[in-house]
2 protein chains.
Amino acid sequence: MSRQPHVVVVGGGFGGLSAARGLAGAPVRVTLVDRSNHHLFQPLLYQVATAALDSASVAMPLRRLFRRQRNATVLLAEVERIDPGLRRLHLEGGGSLDYDILVLASGATHAYFGNDHWAPWAPGLKTLDDALGIRRRVLMAFEAAEREPDPEKRRAWLNLAVIGAGPTGAELAGALAEIARHALRDEFRNIDPASARICLIEAGPRVLGTYSERLSASARRQLERLGVEVQTGCKVTGIDADGVHFEGRPSLAARTVLWGAGVAASPLGACLPAERDRAGRVRVRPDLTVPGHPELYVIGDLAALEQDGTPVPGIAPAAKQMGQYVARAVRARIDGRDPPPFRYRHYGSMATLGRRHAIAEFHGRELTGTLAWWTWLLAHIYFLIGFRNRLVVMLDWAWAYWSHRRNARIIFGEPPGVVPPDAPPGGEALPAVEDAQEVGAAPGKDDPAAA
Amino acid sequence: MSRQPHVVVVGGGFGGLSAARGLAGAPVRVTLVDRSNHHLFQPLLYQVATAALDSASVAMPLRRLFRRQRNATVLLAEVERIDPGLRRLHLEGGGSLDYDILVLASGATHAYFGNDHWAPWAPGLKTLDDALGIRRRVLMAFEAAEREPDPEKRRAWLNLAVIGAGPTGAELAGALAEIARHALRDEFRNIDPASARICLIEAGPRVLGTYSERLSASARRQLERLGVEVQTGCKVTGIDADGVHFEGRPSLAARTVLWGAGVAASPLGACLPAERDRAGRVRVRPDLTVPGHPELYVIGDLAALEQDGTPVPGIAPAAKQMGQYVARAVRARIDGRDPPPFRYRHYGSMATLGRRHAIAEFHGRELTGTLAWWTWLLAHIYFLIGFRNRLVVMLDWAWAYWSHRRNARIIFGEPPGVVPPDAPPGGEALPAVEDAQEVGAAPGKDDPAAA
């Protein structure tokens, strides 16, 4: 072995990061390719969007994380396509990268299920840019309402809708209610921010539908206590400049609509010679490889795997465990051993809804309210990567807890004044698509928390 | 007096903020108009640009600051023009605002002295957006160098030029040298970030020319010790995609050029019936009003005032003192008293160059090096608005001090991959303008620190 095998990891999320770090010291060359320069602690991204945390608190430069791992190279680039025959990645803007082993961990993004023309009116939350865009939109809505003399138009600025009551949607809605009721109190002279309506809209029968009925019902009560109007069984047929349109009920005039409804797998999965499920995720073997390609691993939100008859959930701990497994498997194969199949261990999962409001489930035990919230808090501080990030986040949270303030309430990146949401691309009036919104239907819906 | 006088303050910088806050409880209605939603602690803005601080650490929401001041309203809007005859402000996007007393504190911006086509290649630093743009450019330059196989092109990515050795330019250059030499150490595999050349280019004979010759010479030595190449007496004749071109010496191939050279007053000054100086600043009377218009105050960087034969400097403490004076003067006039003229008290000024490198001057006493740096540090933490900001900044700095790390190294707002600087608008090849760059020539050059 004059030349060490080249392991290329695509994606610096929880899965890719664990795989690449797990290979520290192994007799391989590792290249981690990501299109952004940072690992994102996605479970707290909604807090950046709702101005509770600043961006650097939930992001770590990838180069920093691999500084001391001498067998690893970080490459800031976007993978355009994969050629599994040549074992080659083609990068955007030219250039290519040959691999001996590929670990594809490029994750998922939010999806509009065929209604991409809704995107400009209802931004989703996957990247730091998304989070800052949502923050700007929400804060500007209150500014616009403050300046708007017409009561009906003002009302539309004070109606905020969140589509999809999965974890992201529920967390966003709870945080928006806190902003309106507490963070902005006394700061406006023409409007009362607390009069804002926060509507959480879900096509399915309940909120946080992946949890038990009991936890789900508790979540709904908690959200309502926080001031969120929860509307279940409510099918969206259109989103435009005027607001949200529904099947069989009146439209909601809302200038601010956020999308928390669905995820679709990274399009890179389509380059692989493998079967994919309805959400575009790649069906992998129990050792996380693609059938017939022992050099092709797919992990994290992009992988579709069943274990004991239930799908492995698309949550951070699962991605981490998969990454760690791949690193161990690669080491085993180098040593000439056969790696055992991957086993996902589910410890639990939780979702936060607001100050002292959350639900959690551990090994079948269920928690709600204050206790669940404290558990959520400690788990998230513990899992936040980087000592300094943890400190700053704790400080921000402690401060926010007793002051009800949100410190990251800074708007940038937009011209001043009352800024309407971006005009839709093209602006063509597409017909509303029936059955378009399948809230919570995509398997592998990202669950922002689990211990 | 059935109706209270309406005092409109334009600009939420140090001057406008002090004026509006100084009127708390006074029998007036106060409206503070700003185009951004936050007050910016501008002296530390270069630290956001160089990834040492996150944006929320140097910005405070204006509404938060005026939450409890019941006679004050904050308006997020851009003033388009002033009609002093009607005592009316016209806002961008329609709408107007009538005033009884106007306090114009709209400050200054960076200026290219007739070479606005340099702007896309050499961004300046005045707003949070500017800072994040510069951060992105600097970090992406190292990423581009890492990916560039051609040695000459790689060299151009590793040459970073700062034009203008005033406080902003000197601080930026010192921070860039620290990034290259320390913060990025061991993080790249194809380049050595420490091999980057940081060139500080100044047309005048010395750096930080507003300080004494002794301090200026010390600053130069300190910068060189930090790894900055200081080039004085160096007249820029052009900046383009290839780099910087000079009068009578070879060009510098640099893909990253930052502009710290000059400031020009806010264009709103031109709306007033008053004389302006060469930098566009409004000449005010000793009571800071415009001659013949006792209802028109101009303060901060927009005001040109001489005191005892020397101009009042364009620094934060001067703006603050002016704002406080205006608040007292307005109160006095309401009480029927005649306010005494404004007196600027100069306590000192300082500029930081890097870790334990700074210069400072207090009441004629001069400090350099470590002692100046500690003074600078304490003064800036003390003057940072907001308890939480101070804590976070201290934490970030303490962390950075012993780890050499920069925590805010997050790139956003750009497509991935190697991103060249924005294409110039139009791209027309304008002839190089002689005598165009007048580094430090604009009076009222912003001095980012003084106690």
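This short talk walks through several helices of a predicted model and how they sit within their chains.

Good morning. I shall begin with chain A as a whole, then turn to one pair of helices, one proline, and finally a helix of chain B.

The secondary structure of chain A consists of ten helices and 27 strands. Of its 451 residues, 61% count as buried. As for contacts in chain A with a separation of 6 or more, 67% of them are accounted for by residues 24 or more positions apart.

Let us now look at helix α4 of chain A, residues 128-147. Does α4(A) have the length that its residue count implies, or does it depart from it? At 1.5 Å a residue, its 20 residues should span 28 Å, and the end C-alpha atoms lie 29 Å apart, which agrees. Turning to its surroundings, 16 of the 20 residues of α4(A) are buried, so this helix is largely enclosed by the rest of the structure.

One partner of interest is helix α5 of chain A, residues 151-158; the axes of the two helices come within 8 Å and cross at roughly 165°. Because an angle over 145 degrees counts as roughly antiparallel, α4(A) and α5(A) are therefore described as roughly antiparallel to each other. The handedness of their crossing is left-handed. Which residues make this contact? From α4(A) they are A:Ala141, A:Phe142, A:Ala144 and A:Ala145, and from α5(A) they are A:Arg154, A:Trp157 and A:Leu158. Sorted by class, the contact comprises six nonpolar residues, no polar ones and one charged residue.

I move next to A:Pro317, which is found in helix α8 of chain A, residues 316-334. Is A:Pro317 buried or exposed? Its relative accessibility is 15%, and because buried means under 20%, A:Pro317 counts as buried. Along the chain, A:Pro317 and A:Ser349 are 32 residues apart, while their C-alpha atoms are separated by 9.3 Å.

Finally, chain B. Helix α1 of chain B covers residues 14-22, and seven of its nine residues are buried, so α1(B) is largely enclosed by the rest of the structure. The buried residues are B:Phe14, B:Gly15, B:Gly16, B:Leu17, B:Ser18, B:Ala19 and B:Ala20. What covers them? Among the covering elements of chain B are the strands β1 (6-10), β2 (29-34), β3 (38-40) and β9 (101-104), together with the helices α3 (62-65) and α8 (316-334).

To close, I would recall two results: α4(A) is largely enclosed by the rest of the structure, with 16 of its 20 residues buried, and α1(B) is likewise largely enclosed, with seven of nine buried. Thank you.

Methods. Residues are numbered from 1 along each chain as its sequence is written. Chains are lettered from A and ligands numbered from 1 in the order in which they are written. This is a predicted model: local features need pLDDT of at least 70, side-chain atom pairs count only at pLDDT 80 or more; totals for chains, interfaces and linings use all residues. Side-chain values use heavy atoms; hydrogens and water are left out. Axes are lines fitted to C-alpha atoms, for helices over the stretch in contact, and angles run from 0 to 180 degrees between N-to-C directions. Helices (H or I, at least four residues) and strands (E, at least two) are DSSP runs, numbered from the N terminus. Angles under 35 degrees count as roughly parallel, over 145 as roughly antiparallel, 65 to 115 as roughly perpendicular and the rest as oblique. A crossing is left-handed if the near helix is turned anticlockwise from the far one by less than a right angle, and right-handed if clockwise. Contact means heavy atoms within 4.5 Å. Ala, Val, Leu, Ile, Met, Phe, Trp, Tyr, Cys and Pro count as nonpolar, Asp, Glu, Lys and Arg as charged, and the others, Gly among them, as polar. The expected span of a helix is 1.5 Å times one less than its number of residues. Buried means under 20% relative accessible area, exposed over 50%, partly exposed in between (1.4 Å probe, protein chains only).
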